[in-house]
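Me: I would like a close look at one part of this model, with the wider surroundings brought in afterwards. Please take your time and define your terms as you go.

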There are 2 protein chains.
Amino acid sequence: MGARHFGIGPAGIPQTTLVRMKGSAHFGIPANGSVAVCGLGLIGGSVVRALRAGGFGGRIAACDIDLPLLQARLAEGWIDEIVQDPGSLFDRHDLVVLCQPVAALLDCIAAHAAAIGAGRAVVVDVASVKAPVVAALQAGGAAAMARFVPCHPIAGKAQHGWDASEAGLFQGKRCVITPARRADSQAEARAAAFWAGLGAQVAWMPAEQHDRIYAALSHLPQLLTYAYLHSLAARPEAEAWLAYQGTGFQGFTRLGGSDPALWADIAVHNSAPLVAEIDRLGDALGLIRRHLLRGDGAGLSAAFADARQFHGAAVAACAAGRATTVARVSRVSSVPSLTQEPR
Amino acid sequence: MGARHFGIGPAGIPQTTLVRMKGSAHFGIPANGSVAVCGLGLIGGSVVRALRAGGFGGRIAACDIDLPLLQARLAEGWIDEIVQDPGSLFDRHDLVVLCQPVAALLDCIAAHAAAIGAGRAVVVDVASVKAPVVAALQAGGAAAMARFVPCHPIAGKAQHGWDASEAGLFQGKRCVITPARRADSQAEARAAAFWAGLGAQVAWMPAEQHDRIYAALSHLPQLLTYAYLHSLAARPEAEAWLAYQGTGFQGFTRLGGSDPALWADIAVHNSAPLVAEIDRLGDALGLIRRHLLRGDGAGLSAAFADARQFHGAAVAACAAGRATTVARVSRVSSVPSLTQEPR
């Protein structure tokens, strides 16, 4: 594993390595190879759709706890094979994409660590929390660690399930790779090429840093949305107020449609960083509350201005990210090693 | 003032009276009448644009602290006249629309209460907080109260200023009227017809109730967005994290672009209901924090499910509102009294 993986840039952030390909995507696997997808929800379903839309010529196997869902996808031609036992996947496919919720994923790693370590497949996951995945791999041994590349495509939305999945879900989105201590560089390169083939910009960082960043940028906004809606739901009169909602309310609460069980699963597996974020938010809200009690409009305005300045930086970073995507696509010939098959 | 104004429905909410007109809008004033708009920002600018787009044939005067802005709008033909002294407006126009920020509006009422009471104009405002406006009118005397109809069109957005204004801003949006104790029913009818002419659905409720509802549905989401961004802005490392933001972050922080001074002004004038809302939010966040510390996934899931259920009710209420708009537009002949000139 090279210095690029944990390189720290001047701003204290791991150096990002962006990998991007165009034209006929390679997906990091042989053109006639085989991919297995575990869990055909939003992310797993979008992986299947993106592979098909990208002209992947190999086989796609899928497993899921919902057998009728698998049968319907098989009948429609999205998948080639239904697999009941995840343990059988790791030696039969080139790439296994584990798209279960966090708790189910950790159970799967614990149950099948030996098979993962002994198998020929490169294994990736898509969980929103990474330190518990790395810990499960470390508990599973060096061989499992070498074959398994923890990944997080930043491609969630409030809708879940196969029906919400889309071929373009990963286009221009980040995919963060958080390698386990003994990750195999060939396995990592294959994982990176897979996500790049689906249109994502790949970046590397340590799992703990990933979990702190996404506690702040993703998990806290989700929990704040739930907390806000919960505080309204507790009041009988509030439902009648909804006739008076404006567009600000609608935008602010959009994450409220997200799946409660899925988010409870993410939150309990990232609880320490999330509690720290809640406390920081509490401090900021406490400051605003004090200004309100004192009628201190200037104090409020100054705090709000700091917030808006950060919002401006966020909007600029988003625009810069889009520009980077365009620039990278036009310079793909500069990363030839990852357009080759890693095996 | 009839029973409709403060009628309380079975759900504890004031009965809503919806007024809607179609075709050539009447705007509650004679076709060759005169309107003055104070403050050509998002709301005032949209009033001017909507009047012009609706074929209003009378004169539009405007005043603003930004003289070059007024001169540009005059040169472009949006307005017919620049007014420097608001005190001169109330006897020279049929309708005066005060679109200043809250503090400036309260100063204006205090300074010109006698002129408002003695003038022939019906006066409306657009402030997001209504109890202080009603209080200022009560301090200004019975005559001012009779001519002034406190209004709040629910049509804000994160962008402000003339450049953000649009003719269709009020289409299908609510406009809440919160009459002062001695409001004049003819003045109210004219104000309602004005907003209905701009495309809004008019509703009535007491000012204190308005301020509690919008503290919960509008002001708290804005303050939570600022508090969240403020908690990030306080950390030097957070700006580098922005390269890793997802679409959830972007949607959740959209209100962060709003004008700090404008929102500080709203917040200090609605501080008591806002502090109560912050405390309720703190309770909900505290519940989630305790579940996190205990690793209680089931508790989190139950709290999140309550929140999502309320979100579903909000989405349904929004859809029902849209359906109501369509239904009312097709039944306009049932409210003929408001399509006539009130004078």
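In which sense do strand β7 (residues 151-153) of chain B and β8(B) pair, and over how many bridges?

Reply: The model is a predicted one, in which local features need pLDDT of at least 70 and side-chain atom pairs count only at pLDDT 80 or more, while totals for chains, interfaces and linings use all residues. Residues are numbered from 1 along each chain as its sequence is written, chains are lettered from A and ligands numbered from 1 in the order in which they are written, and side-chain values use heavy atoms, with hydrogens and water left out.

Strand β7 of chain B pairs with β8(B) in the antiparallel sense, over 3 bridges; pairing requires at least two DSSP bridges between two strands, and helices (H or I, at least four residues) and strands (E, at least two) are DSSP runs numbered from the N terminus. Within this pair, P153(B) has C175(B) of β8(B) as its bridge partner. On its other pairing, β8(B) joins strand β9 (residues 201-204) of chain B in the parallel sense over 4 bridges, and V176(B) stands opposite A203(B) in β9(B). The result is an open sheet of 3 strands in the order β7-β8-β9 of chain B, with mixed pairing. Its edge strands are β7 and β9 of chain B, each pairing on one side only, and neighbouring strands are turned by 20° against each other on average, direction ignored.

The side chains of β8(B), which spans residues 174-177, are directed to both sides: R174(B) and V176(B) point one way, C175(B) and I177(B) the other way, and all are buried, meaning under 20% relative accessible area, where over 50% would be exposed and values in between partly exposed (1.4 Å probe, protein chains only). Helix α6 (residues 185-197) of chain B lies across β7, β8 and β9 of chain B and runs at about 145° to β9(B); axes are lines fitted to C-alpha atoms, for helices over the stretch in contact, and angles run from 0 to 180 degrees between N-to-C directions.

Chain A offers a sheet to set beside this one. An open sheet of 6 strands there has the order β3-β2-β1-β4-β5-β6, with parallel pairing, and its edge strands are β3 (81-82) and β6 (148-149). Helix α1 (residues 42-53) of chain A packs on that sheet, touching β1 (34-38), β2 (59-63) and β4 of chain A, and its direction makes about 155° with that of β1(A); contact means heavy atoms within 4.5 Å. Strands β4 (residues 95-98) and β5 (residues 122-125) of chain A pair over 4 bridges in the parallel sense, with L95(A) opposite V122(A) and V96(A) opposite V123(A). Both faces of β5(A) are covered, since V122(A) and V124(A) on one side and V123(A) and D125(A) on the other are all buried.

Between the chains, the axes of α11(A) and α11(B), residues 271-294 in each, come within 11 Å and cross at roughly 165°. That makes the two helices roughly antiparallel, a term for angles over 145 degrees, with under 35 roughly parallel, 65 to 115 roughly perpendicular and the rest oblique. By class, their contact has 16 nonpolar, 2 polar and 4 charged residues; Ala, Val, Leu, Ile, Met, Phe, Trp, Tyr, Cys and Pro count as nonpolar, Asp, Glu, Lys and Arg as charged, and the others, Gly among them, as polar.
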